[in-house]
Amino acid sequence: MTDLSRRFVTTDDFARAARRKLPKIFADYIDGGSFSETTLRRNREGFDRYLLRQRVLHPLGPADLTTPLGTGTAALPFGPGPVGFMGLYHRDGDICVHRAATRADTPCVISTFSINGLATMKQAAGTVPDFQLYLDRDPEVNASYLDQCRATGVKRIFLTVDTAITSVRERDVRNGFRSVSRITPSLFLQFAARPAWSLSLLRGGFPEVELVAGRPEFGRGALAQAGNLSGRLDIDLTWDKVRQLRADWDGELIIKGISDPEDAARAAAEGMDGIVLSNHGGRQLDHGPATITRLKAVRAALGPDPMLFIDGGFRRGSDIVKAIALGADFVMMGRPFAWAVAAAGEPGVDHLIRLLATETAITLQLMGLTSIAELKAAGPEILLTE
Ligand SMILES: Cc1cc2nc3c(=O)[nH]c(=O)nc-3n(C[C@H](O)[C@H](O)[C@H](O)COP(=O)(O)O)c2cc1C
């Protein structure tokens, strides 16, 4: 048994370790939700509504987690979703996550607000991640994002649509995240209390969001950029802009941040290749429902063909199994990957992926299933409700 296997037995072990490693301002930024954090909590509680059917005495081989996704396949039914500033939680954190996902042969989505840019990631990992796009209010900036996607060979863009207005995350307000643009005395004290993180991250200067480096309107350094980037998001984001992007982008286009069946149906009608059923991990509209509880209705409205990704509170293999049974094609996770990379770097991300794959495989086998394909074929009937 390796050291990592004993230290990190569950996703939550990474969460606790990340909090011990990171300055408070970043630990709170990752963990927090909006306002009362009701939706953040509800995302977890929603899974308890669904129970798994135990079937026995079926012939069982090793579980096959291969997952059909669009025109291709992924080796696993889950992978990292876009998390901004991953490279602040661990030096080159975006690269670590993307490389680990590449090794596991599962897709990785990187944020517009990632520290490492697309070309750097391609060079480091040998593969190009999928790209999450935040539309800026300046069309010229958006055109430059698309140019960088084309130049590096990005195949799939996730357009995030649930953040035209940034909600209030009260932990961030108290810490001054997005309003500090330089290292203040109180930040300095937080950094000094986390010497391992500070030594590793701050050597070579404070990191920058590479995608917008050299653009003075975004400021210099990731702290200033964090404030400016979200303040510059296009508040007039409507279906017209989605249609325009559909015309401008030849690759796959997925809308991230839909949780209502009517919006899902509209996305399919507008020619999207898929959607992400997401409430931004409980960081935007507080008091909305858990994503898992919307899944059946959203799949029904979307139709069988467009890809249906889901995120929000996934921490266990059993969560993933429930989502696939209810009609999702693929599960994305935000915080778990941020915690893993902060807590234990690239080996930590490899380990998280192994843990979740093992949990998923064991859950399937105890349900009398041997593959994701069988789980999909079984559908919601394989679940029970209390
Ligand atoms: C620290 C943090 C940063 C995030 N940054 C982005 C981002 O840049 N773009 C985006 O579309 N979603 C972003 N998200 C939302 C995630 O992609 C995802 O929807 C959410 O984290 C899923 O919930 P989970 O963390 O419970 O897995 C972020 C989430 C967190 C926790």
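This is a dialogue between a student and a tutor about a predicted model.

Student: What should I know about the model before we start?
Tutor: The model is predicted, so local features need pLDDT of at least 70, side-chain atom pairs count only at pLDDT 80 or more, and totals for chains, interfaces and linings use all residues. Residues are numbered from 1 along each chain as its sequence is written, and side-chain values use heavy atoms, with hydrogens and water left out.

Student: Why is aspartate 234 called buried?
Tutor: Buried means under 20% relative accessible area, exposed means over 50%, and partly exposed lies in between (1.4 Å probe, protein chains only). Aspartate 234 has 7%, so it is buried.

Student: What makes lysine 241 partly exposed?
Tutor: Its relative accessible area is 32%. That value falls between the two cut-offs, so lysine 241 counts as partly exposed.

Student: How do you know that aspartate 234 and lysine 241 form a salt bridge?
Tutor: A salt bridge needs a side-chain nitrogen of Lys or Arg within 4 Å of a carboxyl oxygen of Asp or Glu. Here the closest N and O atoms are 2.9 Å apart, so the pair qualifies. By this rule the count comes to 26 salt bridges.

Student: Why does the pair of arginine 294 and aspartate 260 count as a salt bridge?
Tutor: Their closest N and O atoms are 3.9 Å apart, so they meet the 4 Å rule. Arginine 294 lies in the loop between strand 9 and helix 15, and aspartate 260 in the loop between strand 8 and helix 14, so the pair ties together parts that are 34 residues apart in sequence. Helices (H or I, at least four residues) and strands (E, at least two) are DSSP runs, numbered from the N terminus.

Student: Are aspartate 329 and arginine 299 buried or exposed?
Tutor: Aspartate 329 has 11% relative accessible area, so it is buried. Arginine 299 has 14%, so it is buried too. They form a salt bridge, with the closest N and O atoms 2.8 Å apart.

Student: Why does lysine 322 have no salt bridge?
Tutor: Lys and Arg count as positive, Asp and Glu as negative; His and the chain ends are not counted. The nearest side chain of opposite charge, aspartate 48, is 5.1 Å away, so the 4 Å rule is not met. Lysine 322 is buried all the same. It lies in helix 16 (residues 317–325).

Student: What is lysine 322 in contact with?
Tutor: Contact means heavy atoms within 4.5 Å. Leaving aside neighbours within four places in sequence, lysine 322 is in contact with Phe47, Tyr50, Leu52, Ile292 and Leu383.

Student: What makes strand 7 largely enclosed?
Tutor: 5 of the 5 residues of strand 7 (residues 156–160) are buried, so the rest of the structure largely encloses it. Arg156, Phe158 and Thr160 cover one side, and Ile157 and Leu159 the other.

Student: How do you know that strand 7 pairs with strand 6 and strand 8?
Tutor: Two strands pair if DSSP finds at least two bridges between them. Strand 6 and strand 7 have 3 bridges, in the parallel sense. Strand 7 and strand 8 have 5, also parallel. Both counts meet the cut-off, so both pairings stand.

Student: Why is helix 12 called largely enclosed?
Tutor: 8 of the 10 residues of helix 12 (residues 222–231) are buried, so the rest of the structure largely encloses it. Its buried residues pack against helix 3, helix 5, helix 8 and helix 10.
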